[in-house]
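Hi,

Here is the structure I promised to pass on. Have a look at it first, and then read on for what turned up.

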Amino acid sequence: MKFMKLGSRPDTFYTDESVRTVSSEISSDLVIQVKGTKYLLHKFPLLSKCLRLQRLCSETYHETSQHQVIQLPDFPGGVEAFELCAKFCYGITVTLSAYNIVAAQCAAEYLQMTEDVEKGNLIYKLEVFFNSCILHGWRDSIVTLQSTKAFPLWCEDLGITSRCIESLSSKVSTHPSKVSLSHSHSRRVSDMSCNGTESQRHKPMAKGWWAEDMAELGIDLYWRTMIAIKSGGKIPSDLIGEALQIYASRWLPNISRKVKANRGRTSESDSDSADDVSSKHRLLLETIVSLLPSEKGAVSCSFLLKLLKAANILSASSSSKMELARRVALQLEEARVSDLLIRSLSCSTDTVYDVDIVLVILEQFMLQGQSPPTSPPRSKLGFERRRRSRSAENIDFEFQESRRSSSASHSSKLKVAKIIDGYLQEIARDRNLPLSKFIAVAETIPDFSRLDHDDLYRAIDIYLKVHPDLNKSERKKLCRILDCKKLSVEACMHAAQNEKLPLRLVVQVLFFEQARAATAGGKVADLPSNIKALLAAHNIDPSRPPGTLSTSTSIRADDQWSVSGLKSPKSRTSTLRMKLAEDDDLDEHDMNTDGMGRHSKFKAFCALPRGPKKMFSKLLSINRSDSEKN
């Protein structure tokens, strides 16, 4: 790093009984108090360069006093900065670098060490060093910008902060080979010269070479610098996204552990400090969200969901959560089931996972497919975007174009259906998960997006195992989301002997199983006429082979299907004939209480004929005729 040395005299400052003074044959005549430290100095060298001290001395002069006392309680930079200025006045050698130039500039401005007092004064020399050396180096600019947070008001007034940010922004947009990356500084003695030599002139290997160094900045300075970089329009959105991921990984690691540790503290002081930490992290996260590029794919879906998990833990604003949910929806097909398992921290519910936020994501995802090919009215979209983003440079038009061009394709909906069925299998293990939320998640996926219902059936089976107290009406409501026509042979065989399923569903499964067995080998002509009539009523092509078992989702050992011990069709039919009589009264009750609404849902999701009891009677008549012939 670069440095500058001023003065040539040796350091003669020393401490005597808690008082700082300078060795001299002339007795001191000035006492300056700086934040608890007393200095015994001389008027002539100080007043000849410091206009402020001249004015203070003239206001407090007493002829009878041997030492004139001046108080400087609000001196910027403290004792170190004052002593640097005092040594400059005495001609004692001082070393300036990126680490202390900000404090020196603020102190010199406070003491008014301007050119009006003396030519070649400290302020002038500091400005020359700052403009010609500090702002030309990448690392020097980073360090200097970091040090401005100790004197925010002074640095804003002097333009130090804005000039550092402008310097960094221009360097990021410049080819890496032209950027001065200083990593060391040599100590060469010279007066008023930049003697720092670049130890290495690195040629960064990656395009985002600047992201690691930028991650050292505090969130306020980082936000301002990133806004300047994005406003330049020369950095691709994926590099901006990569930089945000690096920053988040540095400042938001293990948020869940930290919050749990803080919540375990009981004392009032510990609780206050924990709240302060959470507030800082919350501000940091919301700022990162505001900086996210509007382009789809600029950041990974996994990163967005990690931010959403952190937002849930830190109780971030609802606008930040909604923003993340919208962005996740744009690339939901990239998500993994584990990413969607967001822990619920709400006091109003006992569920393990936050299912509501996943429902919001799914709703936003499905809305993409309903977007017209031309852009919607700009006024409405513009209002929504401005309301949900606080980034000063976030242009509404960009996000509209991104949203319009990212309409969910058919293939993406197929992928999302597989992901959500896997998600349903995970949340089904939650004993406190309400049936309504499970069904709501399952029904969000349109029917055409599920090529088979094996994964959905597996999720339903898990839910029934974990919730054995469901009554018959609830079990029927749950199973209405299942389409038996899309079950594989193995799934049908498992469902046929699944005692937890409603009888109505088991009958339907047996019906399709009999049809498939009869059509094995393509012998459609051998089917009885009444079976073929029922198949036609269900729009089933008997010549089409049954689907295979889905293998896209990993299955736990205790959830594997077992088809051993399957009863023969005759014994199953005789048992079902008795159970149908027992279930008949409950069917009537369900239809009376739910009305046409339940009947229509049953028809839509279970693909039963308009008269379900007619199907049962036809099936029973088939079985009776078969038994009489035998």
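A salt bridge here means a side-chain nitrogen of Lys or Arg within 4 Å of a carboxyl oxygen of Asp or Glu. Please keep in mind that this is a predicted model. By that definition, the structure holds 20 salt bridges.

One of them joins Asp11 to Lys87, with 2.9 Å between the closest N and O atoms. This pair links distant parts of the chain, 76 residues apart: Asp11 sits in the loop between strand S1 (3-6) and strand S2 (13-16), while Lys87 belongs to helix H3 (residues 78-90). Asp11 is partly exposed, because its relative accessibility is 47%, whereas Lys87 counts as buried at 13%. Neither residue is confined to this pair, since Asp11, Arg20, Glu83 and Lys87 are linked in a network of salt bridges.

Further along the chain, Lys437 and Asp356 form a salt bridge too, and their closest N and O atoms are 3.3 Å apart. Lys437 lies in helix H21 (residues 435-444) and Asp356 in helix H17, so the pair ties together parts that are 81 residues apart in sequence. Lys437 has a relative accessibility of 19%, so it counts as buried; the cut-off for buried is under 20%. Its partner Asp356, at 39%, is partly exposed.

Asp339 and Arg336 make another such contact, their side chains meeting at 3.2 Å, N to O. Asp339 is buried, with 5% relative accessibility, and Arg336 is partly exposed at 47%.

The loop between helix H16 (337-340) and helix H17 (355-369) is where you will find Ser346. This serine is partly exposed, with a relative accessible area of 35%. Ser346 and Ser315 are 31 residues apart in sequence, and their C-alpha atoms are 9.5 Å apart in space.

Finally, do take a look at helix H4 (residues 101-111). Why is H4 described as largely enclosed by the rest of the structure? The reason is that 10 of its 11 residues are buried. Among them are Ile101, Val102, Cys106, Tyr110 and Leu111. Just after H4, Gln112 takes a positive phi of about 60°.

Happy browsing, and best wishes

Key:
Residues numbered from 1 in each chain as written. Predicted model: local features only at pLDDT ≥ 70, side-chain atom pairs only at ≥ 80, totals over all residues. Heavy atoms only, no water. Helix = DSSP H or I, 4+ residues; strand = E, 2+ residues; numbered from the N terminus. Buried < 20%, exposed > 50% of the residue type's maximum accessible area, 1.4 Å probe, protein only.
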